[in-house]
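Student: I'd like to go through this one by asking how each label is earned. Can we start once the model is up?

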Amino acid sequence: MAVRAWLRIVLERRRYAADEAEVTQVRAACDEAFLRWKEKLADTPSDREMAAWLDCDRKVLLDEALRHYELSMSDLIAHALIEAPGTPTRRARLKHGPWRYTRYRLTLFLLTADGIRQFRADLDFEQGAFRGHERTNYRYESVAAVLVRQAERDERKFELALVNGERIRVDVLTSGTEELLVDETPGEVSEVTLDSAGLGHTLHVLEGVAAEGKRWITHERRRKADRVRPGA
């Protein structure tokens with residue numbers, strides 16, 4: 001009995017020493033991984049910096065479209081842009097912030113006196129490069145309807161219908177957008193992401209075109225004049 005008890009004590013001490021050595025090894029590996037990732041993420045941009053870079057990319061696309069169509073900013077009555085996640089893409093965000101993607105699908109609308117010029121391109125946000133350009137032109141009278149469809153799992157699809165039956169669709173929000181973090185409220189992520197995508201301004205412009213046709217130009221100029229007129 002004494003021998004068995006002694007063996008049990010010896011084995012238990014060896015097991016404890018082995019467990020302690022394993023814990024020390026795992027802790028050292030975790031500390032090493034933490035320092036490695038901390039160094040790797042040391043130069044990670046802030047959300048504000050990423051928003052500024054994305055705004056610069058929008059301006060580059062606008063300049064590219066103007067040069068292609070041989071237009072100047074004074075030739076534009078208005079312009080609007082929708083950004084949507086590209087494919088394939090990775091995404092991340094801060095709490096209470098919009099989703100940021102490694103690839104975007106940008107759709108630009110240029111409104112001139114003669115009609116609407118649509119300019120679409122894929123943006124590689126990591127490389128700052130545009131690819132896959134597409135161009136479409138149509139008159140104001142060709143716009144039949146503008147709407148945003150809300151599907152299951154928070155998906156939002158922008159849709160521009162033309163009188164010839166053609167439909168221009170943009171998947172502004174994809175499934176899984178509304179993944180909430182601590183202290184976030186339902187709908188918050190979708191709304192801030194939609195606002196960042198420029199959907200509100202684009203809807204204002206194109207819904208006006210769909211309702212008023214080319215007369216929207218005159219009406220919009222009058223509305224702008226009324227807003228800036230003192231006492232208006």
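Student: Which strands does helix 4 lie across, and at what angle does it run to strand 7?

Tutor: Bear in mind that this is a predicted model. Helix 4 lies across strand 7, strand 8 and strand 9, and its angle to strand 7 is about 145 degrees.

Student: What makes those strands a sheet, and in what order do they come?

Tutor: The order is 7-8-9, an open sheet of three strands with antiparallel pairing. Two strands pair if there are at least two bridges between them, and strand 7 and strand 8 are joined by seven, running antiparallel. One matched position there is Arg-149, opposite Lys-157 in strand 8.

Student: Why are strand 7 and strand 9 said to stand at the edges?

Tutor: Each has a single partner strand, so one side of each has no neighbour in the sheet. As for twist, neighbouring strands of this sheet are turned by 15 degrees against each other on average, ignoring direction.

Student: What does helix 3 touch on that sheet?

Tutor: Helix 3 packs on the sheet by touching strand 8 and strand 9, and its direction makes about 130 degrees with that of strand 9.

Student: Which residues of helix 3 are buried, and how do you know that they sit on one side or are spread around the axis?

Tutor: The buried ones are Val-189, Ser-190, Thr-193, Leu-194 and Ser-196. They cover an arc of only 160 degrees around the axis, which puts them on the same side of helix 3. In general, an α-helix has 3.6 residues a turn, so residues three or four places apart point the same way.

Student: What covers that side?

Tutor: Several elements do, including helix 2, strand 1, strand 3, strand 8, strand 9 and helix 4. Just past the end, helix 3 is followed by Gly-198, which has a positive phi near 80 degrees.

Student: Why is Thr-193 called buried?

Tutor: Its relative accessibility is 6%, and the cut-off for buried is under 20%. Thr-193 therefore counts as buried. Leaving out residues up to four places away in sequence, Thr-193 touches Pro-98, Trp-99, Leu-173 and Thr-177.

Student: What makes the link between Thr-193 and Val-189 a polar contact?

Tutor: A polar atom of the Thr-193 side chain lies 2.8 Å from the backbone oxygen of Val-189. The limit is within 3.5 Å, and 2.8 Å meets it.

Student: Why is His-219 in helix 5 called partly exposed?

Tutor: Its relative accessible area is 22%. Buried would need under 20%, and exposed over 50%, so His-219 falls in between and is partly exposed. The side chain of His-219 also has a polar contact of 3.2 Å with that of Glu-212.

Student: And what puts Glu-12, in helix 1, in its exposure class?

Tutor: Glu-12 has 42% relative accessibility, so it counts as partly exposed. Its side chain makes a polar contact of 2.4 Å with the side chain of Arg-15.

Student: Why is strand 4 described as largely enclosed?

Tutor: Eight of its nine residues are buried, so the rest of the structure largely encloses it. Strand 4 is joined to strand 1 by eight antiparallel bridges, with Arg-105 of strand 4 as the partner of Ala-84. Strand 4 also pairs with strand 5 in the antiparallel sense, over nine bridges.

Student: How many residues lie between strand 4 and strand 5 in their hairpin?

Tutor: Four residues lie between them. Leu-111 stands opposite Ile-116 in strand 5.

Student: Which residues have the most contacts inside the largest nonpolar core?

Tutor: Phe-109, Ile-116, Phe-158 and Leu-160 do, in a core of 27 residues. Elements giving two or more residues to this core include strand 1, strand 4, strand 8 and helix 5. Helix 4 provides the largest share, five residues.

Student: What does Phe-109 touch, beyond its neighbours within four places in sequence?

Tutor: Its contacts include Ala-78, Ile-82, Ile-116, Tyr-138, Phe-158, Leu-160 and Leu-206. Apart from this core lies another, of 22 residues, among them Met-50, Ala-121, Phe-125 and Val-189.

Methods: Residues are numbered from 1 along each chain as its sequence is written. This is a predicted model: local features need pLDDT of at least 70, side-chain atom pairs count only at pLDDT 80 or more; totals for chains, interfaces and linings use all residues. Side-chain values use heavy atoms; hydrogens and water are left out. Buried means under 20% relative accessible area, exposed over 50%, partly exposed in between (1.4 Å probe, protein chains only). The arc is that of the directions from the helix axis to the C-beta atoms. Contact means heavy atoms within 4.5 Å. Axes are lines fitted to C-alpha atoms, for helices over the stretch in contact, and angles run from 0 to 180 degrees between N-to-C directions. A polar contact is a pair of N or O atoms within 3.5 Å; within protein, one must be able to donate a hydrogen and the other to accept it, and residues adjacent in sequence count only if both atoms are side-chain atoms. A nonpolar core is a set of buried Ala, Val, Leu, Ile, Met, Phe, Trp, Tyr and Cys residues joined through side-chain atoms within 4.5 Å.
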